[in-house]
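Here's a quick tour of the empty spaces and the packed parts of one protein model. Have the structure open while you read.

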Amino acid sequence: MRVALVAEEDPGWGGIGTYTGVLGAALRDLGHDVHLVLRGWEQDSTETADGLIVHRVTVPEPSWRRGTVAAVSRLSVARESAIFSARVARVVARIGPDVVEAPEFHAAGLVAGLRARVDRRAPPVVARLHTPSFLTARLAAERPDFDLRACEALEAAGVHCAESITSPSQALTDTVCRRWRLPATRVGVVPNPIDDELFAPVTQDAEVAGSILVVGRVERNKGQDVLLEALPAIREAVPQAHLRVVGADGGAAEQLGRRARELGVSEAIAFEGSVAREELPSAYRSASVSVVPSRFENFPYTCVEAMACGRAVVAARAGGLAEIVADQVDGLLVEPEDPPALAAAVLRLLLDAAERRRLGRAARARVLSSFAAHIVAARMAEHYAGLPP
């Protein structure tokens with residue numbers, strides 16, 4: 001089967017890029033002909049990398065001609081989304097795949113989906129839910145502007161016109177279906193795939209005693225502030241406990257640093273910034289506990305990666321996290337935005353090495369049985385094959 005996977009992000013960068021890269025490689029390993037249609041920034045190009053054919057699609061800068069300045073200024077993201085979608089459709093027509101999968105974010109598959117609706121010879125489009133613009137704005141507590149509303153309209157249209165829709169979690173499915181008035185029966189829930197070879201335990205335990213790890217962009221939705229509020233209670237019981245924050249600053253790092261000084265724990269927290277994906281496994285392996293305190297998640301790689309590395313995870317019962325972690329079985333779940341509960345769960349694991357090891361082994365087993373790349377890719381290939389020709 002020839003499959004075209006569309007994304008604005010490169011493999012390994014961001015959730016959509018990571019998903020695209022892992023799924024593409026797994027489909028390739030299953031014997032499929034995989035094309036990645038990605039956003040380009042200099043010029044259109046096509047190359048082969050690791051057995052995947054990569055097509056770069058650029059979006060021209062605005063002309064800023066008289067009479068267009070106001071429209072371009074107010075609709076910058078929507079404009080780029082529409083142009084990228086149109087150019088993606090041209091590349092798809094040239095490739096001639098059996099199926100196209102595109103994220104709902106920024107409506108990358110909209111034009112290809114519309115074409116498939118009017119020309120049954122065109123390949124069917126599968127819209128993959130990740131996190132639409134309205135949800136990213138809500139989680140960031142941002143007020144929607146005209147550009148965001150226009151972008152959401154494009155995203156909703158792209159999903160509605162797709163032949164099929166998939167989502168990594170039921171929580172995201174329910175959120176999007178309510179907002180866009182979609183029947184939930186149109187959406188198939190298939191988890192995101194994980195590279196279980198890259199993210200794996202090591203023979204010799206690399207754990208650093210008292211190390212608490214949180215991975216993710218430093219921003220409100222990721223809940224690092226909730227974990228910070230729990231840190232004094234954790235340190236009171238385990239004085240050597242320390243927090244590592246790995247992820248790019250999304251605008252909250254400075255505020256968190258000030259709050260850490262107010263709480264008297266600034267010496268116990270390290271903001272390490274973003275790291276290359278290949279370096280993440282060692283970060284997970286060195287942690288005693290990996291924490292995912294987010295206010296909402298669709299299907300976070302940070303949780304599944306830690307589990308794949310055999311680490312004990314404490315996660316907020318928010319969105320798709322409760323569909324990944326089985327409380328008391330392969331991790332611990334707490335209510336979101338509850339620092340005392342979060343502190344208690346983290347302490348439970350810091351003070352009980354046997355429990356950490358038990359949950360870590362169960363977490364790895366859970367990943368191998370449900371989220372391993374070859375398993376998810378096989379499910380996706382079966383889904384593609386079942387689409388109308």
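## The second largest cavity

Roughly speaking, the second largest cavity holds about 60 Å³ of space. Keep in mind that we're looking at a predicted model here.

Which residues sit nearest the centre of this cavity? They're P103, G109, L110, A127 and G158, out of 13 residues that line the second largest cavity. Three elements each give two or more residues to that lining: β5 (99-103), β6 (125-128) and α6 (146-161). Sorted by class, the lining of the second largest cavity comes out as nine nonpolar, two polar and two charged residues.

## The largest cavity

Searching the whole structure turns up five cavities of 30 Å³ or more. The largest cavity has about 70 Å³ of space in it. Its lining is made of G113, A116, R117, R120, A122, P123, P124, V125, C161, E163, P388 and P389.

Which helix gives the largest share of that lining? That's α4 (residues 110-118), with three residues. As for chemistry, the lining of the largest cavity splits into eight nonpolar, one polar and three charged residues.

## An open pocket

Now for a pocket rather than a cavity. The second largest pocket offers about 280 Å³ of space. It's lined by 19 residues, and D205, C309, G310, R311 and R357 are the closest to its centre.

Helix α14 (residues 353-370) supplies the largest share of this pocket's lining, with five residues. How many of the lining residues of the second largest pocket are charged? Eight are, alongside six nonpolar and five polar ones.

## The nonpolar cores

On to the packed side of things. The largest nonpolar core is made up of 51 residues, and L27 and Y384 are the ones with the most contacts inside it. If you skip the neighbours within four places in sequence, L27 is in contact with V3, L5, H32, V34, A377, A381 and Y384. So the two residues with the most contacts in this core, L27 and Y384, also touch each other, where contact means heavy atoms within 4.5 Å.

Another core lies apart from that one. This other core has 34 residues, including I212, L227, L332 and A343.

Notes: Residues numbered from 1 in each chain as written. Predicted model: local features only at pLDDT ≥ 70, side-chain atom pairs only at ≥ 80, totals over all residues. Heavy atoms only, no water. Core = buried A, V, L, I, M, F, W, Y, C linked by side-chain atoms within 4.5 Å. Buried < 20%, exposed > 50% of the residue type's maximum accessible area, 1.4 Å probe, protein only. 1 Å grid on protein atoms, 1.4 Å probe; cavity = no way out; pocket = protein on both sides within 12 Å on 5 of 7 lines; lining within 4 Å. Points joined across faces, edges and corners; volume = space filled by probe spheres on them. Helix = DSSP H or I, 4+ residues; strand = E, 2+ residues; numbered from the N terminus. Nonpolar A, V, L, I, M, F, W, Y, C, P; charged D, E, K, R; others polar.
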